[in-house]
Amino acid sequence: MGNIPAKFLEKMQKLLESEFDNFMSSYDAPRVYGLRINPLKLDREQWRRISPLGGESVRPVPWAKEGYYYKEGDRPGKHPHYHAGLYYIQEPSAMLPVELLDVRPGHRVLDLCAAPGGKSTQIAGKLMGEGVLISNDNSAERTKALAKNIALAGVRNAAVFNEEPAALVPAFREWFDRILVDAPCSGEGMFRKDEGMAASWDSYSVERCMEMQHDILEHVAAMLAPGGLLVYSTCTFSPEENESQIAKFLLRHPEFAVEKVHPAGGISQGRPEWIDAAAAGKLGEERAHSLLGTVRLWPHLLEGEGHYAAVLRKSEEREAAGGILDIREKAPEDVSAGPVKRKKDKKRAEDTRPVRGDKTPAIEVVPADAWRKFAAEELGLIHTLETMNVVHYGSLVYLASAQLPSLDRLRVVRPGWYLGDSKKGRFVPSQALAMGLTRAEAKRSISWRAESDEIQRYLRGETLFVDKGELDIADGALAKGYVLVCADGYPIGWGKYVDGMLKNELPAGWRQQ
Ligand SMILES: C[S@@+](CC[C@H](N)C(=O)[O-])C[C@H]1O[C@@H](n2cnc3c(N)ncnc32)[C@H](O)[C@@H]1O
């Protein structure tokens with residue numbers, strides 16, 4: 001690694017002192033690679049049975065329930081199981097923040113800086129279809145990859161927004177049980193993985209990022225419900241973006257306190273001694289000391305590129321009285337409890353109106369009706385929560401959580417699970433619908449082995465010739481129509497069957513290059 005900025009190294013040497021040589025040696029060590037299997041689709045045992053990777057060649061990531069290290073040559077991104085959303089490729093240390101967020105089925109979760117969706121898909125795997133995930137990113141371009149990754153993982157209960165944090169506050173005041181701020185940062189923990197990050201780092205990047213992080217954090221406090229958890233994370237080493245940023249947040253927000261993380265598996269404690277003296281003084285000894293309970297992942301102490309995470313709990317009190325609130329003494333929530341039960345939301349009447357200003361001309365068939373007809377003819381019983389509404393933006397139909405407040409003033413990329421497009425009354429099912437279904441939920445399906453020639457050809461976008469007997473058709477259904485195409489039994493897209501021909505419905509952006 002020749003191009004690590006000299007100023008960065010000088011700074012790290014001052015901070016790390018005798019540990020610095022050890023830290024430097026990590027740049028000579030090979031990069032590590034990680035993936036996380038998707039519990040919405042399968043568990044470790046099922047993966048082991050069908051995957052060339054599922055056996056001995058992978059090793060568990062100590063701090064992530066579904067995380068595994070794989071070897072560079074394994075190339076899991078090229079395997080059809082990747083196209084079936086069976087796993088997400090993710091740098092191992094980036095798997096920690098969601099593990100610390102303590103998400104349980106039924107929670108309302110905000111992933112505020114979510115693109116391209118690594119942590120959002122991990123959160124969805126903790127919600128297991130119950131509750132709501134709002135995945136937001138202020139970059140319109142990056143929300144495209146975010147929406148695609150959420151669809152690929154088969155997530156049914158997520159909405160994707162493209163907003164500045166301030167714009168979310170009026171609609172979501174004290175609404176979330178959990179908030180993740182995976183902040184934009186100077187990326188010092190990415191130098192080994194991405195040399196471009198090292199090249200673009202300069203001494204101002206830390207300052208610029210500090211300002212962005214401060215602005216983002218400013219709006220988070222108001223959206224978290226009393227008693228809720230906030231996890232703040234970065235993939236950088238600079239104390240200004242980590243412990244100091246949290247120290248300043250705690251100063252402004254006496255209603256928050258650090259929830260101590262017990263360091264294990266090579267994870268290290270936070271470094272309160274690195275926060276600036278002025279902030280430390282104002283914060284008081286005890287609150288400053290509590291930053292020891294935040295965590296750092298160092299590349300020379302574990303197998304990961306590096307990360308920082310702080311877990312903060314908001315006081316149960318609605319109005320913080322000011323002063324220092326120490327809630328660490330309180331009994332932890334009962335983590336053995338099942339899904340979160342909340343008072344029954346008044347179930348809104350099914351809403352088929354557009355979610356926000358719809359300028360498309362009137363269409364004759366109500367899109368929701370076209371969806372219902374499609375679902376009745378082509379799908380079996382789909383397990384969805386009764387608290388979901390069918391909504392549409394023009395001709396595009398979604399299944400959205402009935403818990404959501406009005407989204408009128410927000411830039412909504414996806415209000416929920418994208419089901420399909422009602423084109424002049426004819427319903428065209430989406431790729432997101434295919435990915436969110438199980439094979440058993442489609443009336444017509446076909447499955448080939450993941451390594452088969454048919455799957456390779458399907459993923460390239462080719463039309464296939466298929467004997468009717470190869471299709472799995474529900475009793476009473478015709479052979480002609482939409483077929484859920486599966487690899488090893490897991491959906492990868494739609495085909496349309498007519499007279500021995502399976503027309504390929506895989507959208508261009510989803511085909512294998
Ligand atoms: C570290 S990346 C997030 C990675 C993501 N959590 C994942 O696991 O895939 C930080 C993200 O913050 C977004 N971002 C930057 N400023 C933001 C802001 N003010 N509000 C929301 N998102 C912001 C960036 O566009 C970027 O996608």
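These are my notebook entries on a predicted model, covering its domains, two sets of paired strands and the ligand surroundings.

**Entry 1: domains**

I began with the way the chain is split up. The assignment gives domain 1 as 31–89, domain 2 as 367–434 and domain 3 as 438–510. I then looked at how domain 2 and domain 3 sit relative to each other. Their C-alpha centres are 22 Å apart. How many residues of domain 2 are in contact with domain 3? I found seven, and they meet 13 residues of domain 3. Sorted by class, the side of domain 2 that touches domain 3 has four nonpolar residues, two polar and one charged.

**Entry 2: the four-stranded sheet**

Next I went to an open sheet of four strands. Reading across, I noted the order E2-E3-E1-E4, with antiparallel pairing. Which strands are at the edges? They are E2 (59–60) and E4 (87–89), each of which pairs on one side only. I also checked the pairing of E1 (residues 33–37) with E3 (residues 67–70): four bridges join these antiparallel strands. For a residue to click on, I picked leucine 35, whose bridge partner in E3 is tyrosine 68.

As a reminder to myself, strands of a sheet pair through backbone hydrogen bonds, in either a parallel or an antiparallel way. The next entry shows me both ways around one strand.

**Entry 3: strand E9 and its partners**

I moved on to E9, which spans residues 224–234. Is E9 mostly covered or mostly open? It is mostly covered, with eight of its eleven residues buried.

I looked at the pairing with E8 (residues 176–182) and counted six bridges to E9, the two strands running parallel. Within that pairing, leucine 180 has valine 231 of E9 as its bridge partner.

Then I looked at E13 (residues 307–314). Six bridges join E9 to E13 too, but here the strands run antiparallel. My example for this pairing is threonine 234, which is bridged to tyrosine 308 in E13.

**Entry 4: around the ligand**

Last, I turned to the ligand and asked which residues are closest to it. They are Cys113, Gly118, Asn138, Ser139 and Asp182, out of 20 residues that surround the ligand. On the helix side, I noted that H6 (118–127) and H10 (203–223) each supply at least two residues of this shell. I also sorted the shell by class: ten residues are nonpolar, five are polar and five are charged.

Key: Residues are numbered from 1 along each chain as its sequence is written. This is a predicted model: local features need pLDDT of at least 70, side-chain atom pairs count only at pLDDT 80 or more; totals for chains, interfaces and linings use all residues. A residue is buried if 20 or more other C-beta atoms lie within 10 Å of its own, exposed if 12 or fewer, and partly exposed in between; C-beta atoms are placed from the backbone. Two strands pair if DSSP finds at least two bridges between them. A residue is near a molecule or strand if its C-beta atom, placed from the backbone, lies within 6 Å of it. Ala, Val, Leu, Ile, Met, Phe, Trp, Tyr, Cys and Pro count as nonpolar, Asp, Glu, Lys and Arg as charged, and the others, Gly among them, as polar. Domain bounds come from an automatic or database domain assignment. Two residues are in contact if their C-beta atoms, placed from the backbone, lie within 7 Å.
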